[in-house]
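This report covers selected local features of one protein model: backbone angles, cysteines and aromatic contacts.

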Amino acid sequence: MTHPKKKLALVIGSGAVKCAAALGLWQVLNRAGIEIDLYVGCSGGSLYAAVMALGLSAEECIEKTKSLWNRSVTKRRNWRSLLQTILPGVLGFDEFFGMVDDRPLLRNLEKAFGERTFSETRRPLHVVATNLLDGEQVVISDGRLVDALRASISIPYIWPAWRIGDQTLVDGSLVNPLPIDVAILEGAEIILAMGFESPYPHRIKSISRYAFHINSMMTNNLLRANFAFHNLAHHAEILTLLPEFDKPVRLFDTDEFSYVIDKGAKAAEEQLPYLERLLETAG
C-alpha cells in the first residue's frame, strides 16, 4: 500500500549570516531526493526561504544571498533621521526612523528579485514581519517579494519601517524569530525548523552597533521562549535544527558563508535518517 506523502515545511528563522546554514540543509535534502512543500522565513531567514521557494539552484542561492547581505547595506547613514532625534520640532519625527540609509539595501533586493511576486514561487512561501503599531505578527503571502523581504528585515533603529498597504512593518524577529506556528497553521505535518541565536557585535563602538546588540538580546530571549513552548505543545512532528558554530559568526561575516553552510549540512545529516523514517510512515 502506498501512503500519501506528508506535507513537509521548512521554517528558517532570523540570524543574519548564520541563516546561510539553511543552504547546507537544502543541499542535503536535494541529495536525498526530499522535496519541501512549504517555506516560511523570518528576517534574514526570509531571504533564503524566498530563493529556495523560487526553485533556484544551490549555487544561484549562494550568489544571490551574497549580493543581498553584505557590509555595504549599512555604510550610509541616514542623516535626516539622525537630525530628527535632535530637532524633532523642526524636522518632525515619525515611525519611519532609521539610522541607516535603506537605499543600498533596497537596490540589492530589487536587483535579486526584481518585480517577482509570491505567485511566481514554485512552492508556497510565507514571510513573517511585525506590525509596528500593535506588535502583532503579520504573515505576508502575496504581493511583491521585495516588499515582503524588505519589511521582514527592517531591524528597529537601523532601517526604517516598511509600508505595505495600510500596515507599517518591521523585523519579523521582534514577534517570532522562528515562526513554527505559521507552518502548523498551513497544515504541515512535518516541520524542519532551523533556528539561530542572533550574533552580537564584536564591540559596541557606535550607536548602530548598540542597536544591533539590543535587538539580538531581545530576539534571542524570544527564540528560547518560543522553542520551549513548541517543545511542550507538540502539534506536529517538529525537527529543530540548531547548527553549532565553534567560532563567532557576526552580522556581516559573509566571508564565513562556506563554513556556515557546512555547519547547516552537518546539522541536517544528523536529522536525515529520522526525517526519512517520518516521510515513509502513514500520516
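Ser43 sits in the loop that links strand E2 (38-42) to helix H2 (44-53). The model is a predicted one. Although Ser43 is not a glycine, its phi is positive, at about 55°. Ser43 is also buried, with 8% relative accessible area.

A positive phi of about 55° is likewise found at Ala16, again not a glycine. Ala16 belongs to the loop between strand E1 (8-12) and helix H1 (21-31). With a relative accessibility of 12%, Ala16 counts as buried, because the cut-off for that class is under 20%.

**Cysteines**

How many disulfides does a search of the whole structure find? The search returns zero. Cys42 is accordingly in no disulfide, and the nearest cysteine sulfur, which belongs to Cys19, lies 8.5 Å away. A disulfide requires two cysteine sulfur atoms within 2.5 Å, so the 8.5 Å between Cys42 and Cys19 does not qualify. Cys42 is buried at 0% relative accessibility. Cys61 is buried too, its relative accessible area being 0%.

**Aromatic contacts**

One aromatic pair is present in the structure. Its members are Phe245 and Tyr259, with ring centres 6.2 Å apart and planes at 50° to each other, a tilted arrangement. Why does the pair tie together parts that are 14 residues apart in sequence? Phe245 is in the loop between strand E8 (237-241) and helix H10 (257-280), whereas Tyr259 is in helix H10, so the contact joins these two parts. The pair counts as tilted because an angle of 50° is neither under 30 degrees, as for stacked rings, nor over 60, as for edge-to-face rings.

Phe245 is partly exposed, at 21% relative accessible area. Tyr259, at 17%, is buried. The cut-off of 20% therefore falls between the values of the two partners.

Tyr259 has a further neighbour: Lys247 lies over the face of its ring, 4.5 Å from the ring centre. This distance is within the 6 Å allowed for a charge over a ring.

**Accessibility of the residues discussed**

| Residue | Relative accessible area | Class |
|---|---|---|
| Ala16 | 12% | buried |
| Cys42 | 0% | buried |
| Ser43 | 8% | buried |
| Cys61 | 0% | buried |
| Phe245 | 21% | partly exposed |
| Tyr259 | 17% | buried |

Methods:
Residues numbered from 1 in each chain as written. Predicted model: local features only at pLDDT ≥ 70, side-chain atom pairs only at ≥ 80, totals over all residues. Heavy atoms only, no water. Phe/Tyr/Trp six-rings, centres within 6.5 Å; stacked < 30°, edge-to-face > 60°. Helix = DSSP H or I, 4+ residues; strand = E, 2+ residues; numbered from the N terminus. Buried < 20%, exposed > 50% of the residue type's maximum accessible area, 1.4 Å probe, protein only. Lys NZ or Arg CZ within 6 Å of the ring centre and 35° of its normal.
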